[in-house]
Amino acid sequence: MSEPRWMGDLRLELMTFEDVSTALERGFETVVVPCGAVEQHGPHLPLCMDADHAEALATLVSRRLGRTLIAPTIRVGCSSHHLTFPGTISIRPETLEALCSDYCASLMRHGFSRIIFFSGHIGNFPVLRDMLPRLRGSVEGRARIDAFVDSETWLKAWREAVSGAGGDESAVGGHADIAETSLMMKIRPDSVRIDRFEPGHIGLLSQHQLELMWKNGISSVTQNGILGDPRGSTVAIGEGCLEHIANLLVDAFKD
């Protein structure tokens, strides 16, 4: 007997309600919820970078965890520190929490027993960390709620991936850098403006710079919106970054 067509694409939104019922009967009781952002990524990358990244990771993570579906991406995130750049759209932390809470309530109602959140936008990490105890409390043990919120380990994985693919790990800064640019060269190559590559702020931000960024926006520490350097980006580096982060997430979420 051939597998149902939804097995080829595990995105919940592309399934019928009958498909979802069948999936639940087959033990697909876990759902990953990718979170992204619509925000500036320097002069060379589109605003959809973080949402596209989250969706690409969701495909890898769901397959590797097994019996896992993919919820629709929460594409807009908490990006207030990018609002000085035109086009950025930011939602309040309480708005993101309300969305995550409503996702949990709907999915639990249908019988999903585990809901996993992760974000392609590192700026969502502290918001997810803060809301996680409340999300868990709201389900009263009826479902298991998890989220990945370790930005330092994420950036370390990027540096390892960049170095492993022959790139300069010092070009990793966390935003529109060699890692994110290489990712988009892999995920959505037509969107990358190679002729606009230029360095941004190089090196780790000091505590003072971090405080300045959160208070006055990222333009207070980098005029072109880049943390790191996109020069030297390659598809191979992008593939390595996807693999490293997918493995990081699977290791964090596997039973």
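## A guided tour of pockets, ring pairs and salt bridges

The largest pocket encloses about 820 Å³ of space. The model on screen is a predicted one, and this pocket is the starting point of the tour. Select Ile122, Ser151, Leu155, Gly173 and Leu210: of the 32 residues in the lining, these are the closest to the pocket centre. Next, colour helix H4, helix H5, strand E5 (172-175) and helix H7 (207-216), each of which supplies at least two residues of that lining. Helix H5 contributes the most, with 5 residues. Colouring the lining by residue class gives 14 nonpolar, 11 polar and 7 charged residues.

**Aromatic pairs on H4 and H5**

Remain with helices H4 and H5 and display the aromatic side chains. The structure as a whole contains 5 aromatic pairs. Select phenylalanine 125 and tryptophan 154, whose rings form an edge-to-face pair with 5.4 Å between centres and 80° between planes. Phenylalanine 125 belongs to helix H4 (residues 125-139) and tryptophan 154 to helix H5 (residues 151-164), so this pair ties together parts that are 29 residues apart in sequence. Are these two rings buried or exposed? Phenylalanine 125 is buried, at a relative accessible area of 1%, and tryptophan 154 is likewise buried, at 0%.

Keep tryptophan 154 selected and add phenylalanine 148. This second pair is tilted, with 6.0 Å centre to centre and 45° between the planes. Phenylalanine 148 has a relative accessibility of 8% and therefore counts as buried, the limit for that class being under 20%. Adding Trp158 completes the view: ring pairs link Phe125, Phe148, Trp154 and Trp158 into a cluster.

**The second largest pocket**

Move now to the second largest pocket, which holds about 220 Å³ of space. Its lining comprises 15 residues, and those closest to the centre are Asp9, Arg11, Glu55, Thr59 and Ile70. Helix H2 gives the most to this lining, with 5 residues. By class, the lining consists of 6 nonpolar, 4 polar and 5 charged residues.

**Salt bridges**

Two of the residues just selected lead to the next stop. Aspartate 9 and arginine 11 form a salt bridge, in which the closest N and O atoms are 2.7 Å apart. Both partners are partly exposed: aspartate 9 has a relative accessible area of 26%, and arginine 11 has one of 37%.

Follow helix H2 to arginine 64, and select glutamate 243 with it. These residues form a salt bridge with 2.8 Å between the closest N and O atoms. Arginine 64 lies in helix H2 (residues 49-65) and glutamate 243 in helix H8 (residues 235-253), so the contact ties together parts that are 179 residues apart in sequence. Arginine 64 is partly exposed at 34% relative accessible area, as is glutamate 243 at 33%.

Turn next to glutamate 94 and arginine 92, whose side chains meet in a salt bridge at 3.9 Å, N to O. Glutamate 94 counts as partly exposed, at 47% relative accessibility, whereas arginine 92 is exposed, at 54%. Finally, select Asp52, Glu55, Arg75 and Arg188, which are joined into one network by salt bridges that share partners. Glu55 has appeared on this tour already, among the residues closest to the centre of the second largest pocket. How many salt bridges does a search of the whole structure find? The total is 15 salt bridges, including those visited here.

Note on methods. Residues are numbered from 1 along each chain as its sequence is written. This is a predicted model: local features need pLDDT of at least 70, side-chain atom pairs count only at pLDDT 80 or more; totals for chains, interfaces and linings use all residues. Side-chain values use heavy atoms; hydrogens and water are left out. Rings of Phe, Tyr and Trp (its six-membered ring) pair if their centres lie within 6.5 Å; planes under 30 degrees apart count as stacked, over 60 as edge-to-face and the rest as tilted. Helices (H or I, at least four residues) and strands (E, at least two) are DSSP runs, numbered from the N terminus. Buried means under 20% relative accessible area, exposed over 50%, partly exposed in between (1.4 Å probe, protein chains only). A salt bridge is a side-chain nitrogen of Lys or Arg within 4 Å of a carboxyl oxygen of Asp or Glu. On a 1 Å grid over the protein atoms alone, a cavity is a set of points where a 1.4 Å probe fits but cannot get out, and a pocket is an open set with protein on both sides within 12 Å along at least five of seven lines; lining residues have an atom within 4 Å of a point. Grid points are joined across faces, edges and corners, and a volume is the space filled by probe spheres set on the points. Ala, Val, Leu, Ile, Met, Phe, Trp, Tyr, Cys and Pro count as nonpolar, Asp, Glu, Lys and Arg as charged, and the others, Gly among them, as polar.
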